[in-house]
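This briefing introduces one protein to a reader who has not met it before. Please look at the sequence and the structure first, and then read on for the overall form and the aromatic rings.

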Amino acid sequence: FGGYLPTYYPTSLRTVLISELPNIEGTIPQQLLDSPALTSLTIDDLPKLFGNVEAPSKASLSELNMLTVTRCKGLNGTISPSLFATYNLFSLTLRDVSLSGSIPEPLALPQSEADPSLACRLSVVEIQLAPNVAGAFPAGIPQRCTLLRELTLENLALAGTLPSSLGNVSSSTFYKLSVMGNPRLIGLIPYIQFTQTPAFLVLSNCGFSGTIPSSILNTFYGS
């Protein structure tokens, strides 16, 4: 089976899984992302897809809750900043792709407070095995994603230090941070505020120096 993904989809479509179609080419159709009832979209193992990972055109009105794109190594564009302002999106997983550029920052709080439809409601952010995704750690995610539970940024090309915003998260359910496989992340490990236990912290195969602050260890072992 080859060709391109369709550009017409029923308006009642809610869940879509497209998997293991090695001869499908082209981009992810915007018409699919814009399906008015779509809540879950998974695209897995379509290695000839290319281009960007876009957001629904009307992000504040979209019903999309979960977007998962994995094993699509032809995807060579960027991550749309609008994904961090897609109102109902709570889970974003991008794994084993060739995307490049930096990880977008959610809108600053004054903007999202003025228009709540622009607020970042992501609970799970997983970007893994994307060695061309570079730049600094996205400092705005811990502060501006008010429902954040899991932040996994593994085997990328992030550089610089971990931000102090990790010590002032806005979510009351934040329990997982993993940045393993980013050897250009350097410097001291800052205080990281986990607001739910048990907590999970993975820092392996990075370039950090010094020791893990006792304030973090107390989260796991008690004071």
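F194 is a buried residue, with a relative accessible area of 10%. The model discussed here is predicted, and a search of the whole structure finds two aromatic pairs in it. The points below begin with the protein as a whole and then turn to the rings.

**Overall form**

- The protein contains four helices and 14 strands, and its radius of gyration is 18 Å, close to the 17 Å that the globule rule gives for 223 residues, so the protein is as compact as a globular protein of that length.
- Taken along the principal axes, the box filled by the C-alpha atoms of the protein is roughly 55 × 35 × 25 Å.
- Of the contacts in the protein with a separation of 6 or more, 69% are between residues 24 or more positions apart.

**Burial and surface**

- Of the 223 residues in the protein, 46% are buried.
- The protein exposes about 10200 Å², and carbon and sulfur atoms supply 54% of that area.

**The pair of F174 and F194**

- The ring centres of F174 and F194 lie 5.5 Å apart and the ring planes meet at 15°; because an angle under 30 degrees counts as stacked, this pair is stacked.
- F174 is in the loop between strand 10 (157–158) and strand 11 (176–178), while F194 is in the loop between strand 12 (186–188) and strand 13 (200–202), and the pair thereby links distant parts of the chain that are 20 residues apart.
- F174 is buried, with a relative accessible area of 1%, and its partner F194 is also buried, at 10%.

**The pair of Y175 and F200**

- The rings of Y175 and F200 have centres 6.0 Å apart and planes at 70°, so this pair is edge-to-face.
- Y175 lies in the loop between strand 10 and strand 11, whereas F200 lies in strand 13, so the pair ties together parts that are 25 residues apart in sequence.
- Y175 counts as buried at 14% relative accessibility, because the cut-off for buried is under 20%, whereas F200, at 43%, counts as partly exposed.

**A charge over a ring**

- The ring of Y87 has the charged end of R121 sitting over it, at 4.4 Å from the ring centre.

Key: Residues numbered from 1 in each chain as written. Predicted model: local features only at pLDDT ≥ 70, side-chain atom pairs only at ≥ 80, totals over all residues. Heavy atoms only, no water. Phe/Tyr/Trp six-rings, centres within 6.5 Å; stacked < 30°, edge-to-face > 60°. Helix = DSSP H or I, 4+ residues; strand = E, 2+ residues; numbered from the N terminus. Buried < 20%, exposed > 50% of the residue type's maximum accessible area, 1.4 Å probe, protein only. Lys NZ or Arg CZ within 6 Å of the ring centre and 35° of its normal. Rg over C-alpha atoms; globule rule 2.2 N^0.38 Å. Contact = heavy atoms within 4.5 Å. Areas by Shrake-Rupley, 256 points an atom, 1.4 Å probe, with all protein chains shown as cover.
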